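Here are my notes for a reader coming to this structure for the first time. Please keep the sequence and the model side by side as you go through the points.

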Amino acid sequence: RSHLKSRVKFKKAGDGFLTYSLCDPANGYAYFSEFQFDPLIPVMKQGLAKTFKAVLHLASSLPSSGHHIFADNLYSSAALAQELFAQGHAYTCTARSNRVPECVKQDTPRAAAERNAQKGTVKWAARGDVVVLSVFDKKPVNMLTTGHRQLEEG
């Protein structure tokens, strides 16, 4: 038995090791990795979600600003994107439908089929430095990014 083992409620197996890793997208090499780091996190603002803290902690291990960080929908948050942008990093992630504004939400696949929705339909909205967009393929795919700023400046 290991004290690092934890219960992961949303996983089928249940028990396991929870690790957070910062990887190079070009080759998949781990740049930085930690097991359950909660006690190791320096004092951060109170009330932040654990996933928010995880991304900020991993980003703090980068040697400089100017990186583009990618994440899946577990880590999607406009507040997190704004915080990372303020620290000099671009952020792009897929987003769950309950984390995007109503004006961007696409129809469900059943409703889209009833009104003959076209594949590739795009809806988007911007607020400050964060852009949220939704593309309809077979189902809606939502994305949140501050990476567009790098394209405008570069």
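1. Start with strand 6 (residues 90-95) and strand 9 (residues 140-145). The two run antiparallel and are joined by four bridges. One position to find is T92, which stands opposite T145 in strand 9. Bear in mind throughout that this is a predicted model.

2. Now widen the view to the sheet around that pair. Its five strands follow the order 5-6-9-8-7. The sheet is open, and its pairing is mixed. Which strands stand at the edges? They are strand 5 (68-71) and strand 7 (121-127). Each has a single partner strand, so one side of each is left without a neighbour in the sheet. From one strand to the next, the twist averages 15 degrees.

3. Turn to the hairpin formed by strand 3 and strand 4. Strand 3 covers residues 19-23, and strand 4 covers residues 30-35. They run antiparallel, with five bridges between them. C23 of strand 3 stands opposite A30 in strand 4. Six residues separate the two strands, and G28 in the turn has a positive phi of about 80 degrees.

4. Stay with strand 3 and look at its side chains, which alternate. Which of them are buried? Y20 and L22 are, and they point to one face. T19, S21 and C23 point to the other face and are not buried.

5. Next, the helices. How far apart are the axes of helix 1 and helix 2? The distance is 10 Å, and the packing angle is about 15 degrees. That angle is under 35 degrees, so helix 1 is roughly parallel to helix 2. Their crossing is right-handed. In sequence, helix 1 spans residues 50-60 and helix 2 spans residues 78-86.

6. Check the residues at this helix contact. Helix 1 contributes F52, V55, L56 and A59. Helix 2 contributes A79, L80, E83 and L84. By class, seven are nonpolar, one is charged and none is polar. The charged one is E83, because Glu counts as charged.

7. Finally, the chain as a whole. It has four helices and nine strands. From the N terminus, the order is β-β-β-β-α-β-α-β-α-β-β-β-α. The chain has 154 residues, and 30% of them count as buried. Among contacts with a separation of 6 or more, 41% are between residues 24 or more positions apart.

Technical notes:
Residues are numbered from 1 along each chain as its sequence is written. This is a predicted model: local features need pLDDT of at least 70, side-chain atom pairs count only at pLDDT 80 or more; totals for chains, interfaces and linings use all residues. Side-chain values use heavy atoms; hydrogens and water are left out. Axes are lines fitted to C-alpha atoms, for helices over the stretch in contact, and angles run from 0 to 180 degrees between N-to-C directions. Angles under 35 degrees count as roughly parallel, over 145 as roughly antiparallel, 65 to 115 as roughly perpendicular and the rest as oblique. A crossing is left-handed if the near helix is turned anticlockwise from the far one by less than a right angle, and right-handed if clockwise. Contact means heavy atoms within 4.5 Å. Two strands pair if DSSP finds at least two bridges between them. Buried means under 20% relative accessible area, exposed over 50%, partly exposed in between (1.4 Å probe, protein chains only).
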